[in-house]
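Visitor: I would like to go through this model term by term, asking at each step what a word rests on. Could we start once the picture is up?

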Amino acid sequence: MQIKEILTQTPVEQEVTVKGWVRTKRGQAAVTFIAINDGSTINNIQAVVEGNNVNEDTLRLITTGSCVAVTGKLIASLGSGQAVEVKAEKIEVYGSADETFPMQPKRHSMEFLREKAHLRFRTNTFGAIFRIRHALAFAVHKYYNDNGFFYLHTPIITASDAEGAGEMFHVTTFDLKNPPKTEDGEIDYKEDFFGRETSLTVSGQLEGELGALALSKIYTFGPTFRAENSNTTRHLAEFWMIEPEVAFNELEDNMNLAEDFVQYVIKYALENCAEDLAFLEKRLLDEEKNKPQNERSELSLLEKLRFVIDNKFERLTYTEAIEILLRSKPHKEKKFQYPVEWGIDLQSEHERYLVEKHFKKPVILTNYPREIKAFYMKQDEDGKTVRAMDVLFPGIGEIIGGSQREDDYEKLLTRVKEVGIDPENIWWYLETRKFGSAPHSGFGLGFERLVLFVTGMTNIRDVIPFPRAPKTAEF
């Protein structure tokens with residue numbers, strides 16, 4: 001029985017066995033208090049050792065970080081902070097931990113804990129984060145299953161670059177010291193395992209579209225990779241993406257899906273992770289006390305989450321957003337770091353102004369300039385914009401990016417050539433527009449961005465179990 005379940009029981013001196021890791025041990029010779037946690041909940045259960053119930057040699061082995069099994073009677077707790085405790089009768093030490101155990105009961109910096117990623121799960125903060133991450137992942141699958149979507153596993157190894165960015169990790173079986181070469185001195189990928197140049201995927205979207213154009217409603221949820229040499233708090237080299245694709249959906253349908261989906265999963269976390277979210281909210285408030293007033297968040301963590309689920313998202317075009325920004329006080333007083341003009345790729349400061357200052361609600365921007373968006377987005381009749389959409393959240397800016405996809409073969413082929421992609425490399429994608437093409441739309445949500453928002457953490461490396469970033473692949 002897990003600690004989460006034991007803590008809900010009515011104590012009638014029934015015998016229980018608690019298994020977990022020791023968080024703290026304190027007390028005198030006559031009575032010892034041991035706080036134990038098994039990861040099922042943020043709450044510890046206290047085991048009380050009285051008199052000679054447990055021999056001294058065993059007690060000496062029980063230190064912070066050790067793993068134990070405690071058997072005894074479940075009784076009402078006389079102390080504050082817990083309703084029940086275990087009156088220990090027998091303790092078995094599965095594994096001891098000496099004084100070098102780094103997760104001692106004190107506040108550690110996030111930088112230190114990233115260096116101890118193999119042990120940071122045992123802290124309250126990371127226990128809470130990864131329980132919430134699990135709940136969000138479950139909610140994603142539940143939402144799409146309950147709404148008639150099929151879960152499609154798209155390839156991790158690919159020969160196409162969905163984003164056209166070129167920042168991809170190569171996959172090869174070549175001896176890197178002596179790869180085969182062509183007569184021109186180029187690497188001869190025809191001799192490689194797949195007979196062509198391949199990489200780790202940046203997105204499952206293109207293959208997801210193929211599924212949607214037969215199954216109507218699909219979603220992907222898998223790892224994606226970007227070889228971007230960035231060490232910011234918002235970038236990872238390996239992260240998880242959720243990408244629904246829906247046949248017959250146009251831009252308005254796509255916006256409706258995105259809004260409904262993201263509100264659902266956040267509401268699920270609020271309803272099922274209340275204790276962990278309350279802990280993280282308090283942690284965030286304690287951190288904010290050390291910041292100057294002007295740098296503190298206007299909303300607490302729970303207020304920010306309710307801000308998203310309680311408000312209808314504001315919808316406007318990119319052009320309308322630019323006009324608002326040009327009229328804004330920060331622009332007129334030159335307080336924006338980046339300039340504002342039609343055609344720019346909006347920066348986080350612009351997005352956050354729209355959400356947090358102007359509309360005071362989540363925002364969906366649509367119809368972006370075609371030159372700053374991907375080749376596969378459906379072109380508007382004006383020839384200047386495409387049916388793109390970005391969902392903007394407080395504190396984080398863009399959290400979802402998507403579009404109605406171009407379903408016209410000739411327009412798509414022309415655009416592919418314009419951006420410098422060889423049509424032969426994605427012949428299969430283009431061919432779907434020749435055989436029974438249909439309007440369809442989809443979007444991508446970086447899962448870690450969602451977890452970052454829901455947990456209130458500030459560094460994306462703290463919401464994935466083992467972060468991969470430039471010069472970081474330790475665990």
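Guide: A definition comes first: helices are DSSP runs of H or I with at least four residues, strands are runs of E with at least two, and both are numbered from the N terminus. The model itself is predicted, and by this assignment the protein has 14 helices and 16 strands. Lysine 471, for example, is placed in the segment after α14.

Visitor: Why is lysine 471 called exposed?

Guide: Exposed requires a relative accessible area over 50%, and lysine 471 has 86%, so the word applies. Its phi is also positive, about 65 degrees, although the residue is not a glycine.

Visitor: What makes a positive phi worth pointing out in a residue other than glycine?

Guide: Most residues other than glycine have a negative phi, so a positive value departs from what most of them show. Phenylalanine 248, in the loop between β11 and α6 (251-272), is a further case, with a phi near 75 degrees.

Visitor: Why does phenylalanine 248 count as exposed?

Guide: The limit is again over 50%, and with a relative accessibility of 56% phenylalanine 248 is counted as exposed.

Visitor: Why, then, is leucine 206 called buried?

Guide: Buried means under 20%, and leucine 206, with a relative accessible area of 1%, therefore falls in that class. Leucine 206 belongs to helix α5, residues 205-215, and its C-alpha lies 25 Å from that of leucine 346, with the two positions 140 residues apart in sequence. Over the whole protein, 49% of the 475 residues count as buried.

Visitor: What makes α14 a mostly covered helix?

Guide: Of the 9 residues in α14, 8 are buried, namely Phe447, Glu448, Leu450, Val451, Leu452, Phe453, Val454 and Thr455. The helix is followed by glycine 456, which has a positive phi near 80 degrees.

Visitor: Why is glycine 446 buried rather than partly exposed?

Guide: Partly exposed starts where buried ends, at 20%, and glycine 446, at 13% relative accessibility, therefore counts as buried. Its place is in strand β16, and beyond its neighbours within four places in sequence it is in contact with Trp240, Met241 and Ile399.

Visitor: How do you know that glycine 446 and Ile399 are in contact?

Guide: Contact means heavy atoms within 4.5 Å, and Ile399 is listed among the contacts of glycine 446 on that basis. The C-alpha separation is another quantity, and for glycine 446 and isoleucine 399, which are 47 residues apart in sequence, it is 7.1 Å.

Visitor: Why is arginine 370 classed as buried?

Guide: Its relative accessibility of 12% is set against the limit of under 20%, and so arginine 370 counts as buried. Arginine 370 sits in the loop between β13 (363-369) and β14 (385-393), where, leaving aside neighbours within four places in sequence, its contacts are Gln379, Gly383, Lys384, Thr385, Val386, Arg415 and Glu418. Valine 31, by contrast, is 339 residues away in sequence and 72 Å away in space, C-alpha to C-alpha.

Visitor: Why does glycine 195 receive the label partly exposed?

Guide: Partly exposed is the range between 20% and 50%, and a relative accessible area of 34% therefore puts glycine 195 there. Glycine 195 is found in the loop between β8 (170-171) and β9 (198-200), and touches Tyr189 and Lys190 when residues up to four places away in sequence are not counted.

Visitor: What makes the largest pocket a pocket rather than a cavity?

Guide: In a cavity the probe fits but cannot get out, whereas a pocket is an open set of points. The largest pocket has a volume of about 1600 Å³, and among the 50 residues lining it, Arg226, His235, Asp345, Glu398 and Arg449 are the closest to its centre.

Visitor: Which elements supply at least two residues of that lining?

Guide: They are β11 (238-247), α11 (348-359), β15 (397-404), β16 (440-446) and α14 (447-455), and the largest share, 5 residues, comes from β15.

Visitor: How many of the contacts in the protein join residues far apart in sequence?

Guide: Counting contacts between residues at least 6 apart in sequence, 67% join residues at least 24 apart.

Terms used
Residues are numbered from 1 along each chain as its sequence is written. This is a predicted model: local features need pLDDT of at least 70, side-chain atom pairs count only at pLDDT 80 or more; totals for chains, interfaces and linings use all residues. Side-chain values use heavy atoms; hydrogens and water are left out. Buried means under 20% relative accessible area, exposed over 50%, partly exposed in between (1.4 Å probe, protein chains only). On a 1 Å grid over the protein atoms alone, a cavity is a set of points where a 1.4 Å probe fits but cannot get out, and a pocket is an open set with protein on both sides within 12 Å along at least five of seven lines; lining residues have an atom within 4 Å of a point. Grid points are joined across faces, edges and corners, and a volume is the space filled by probe spheres set on the points.
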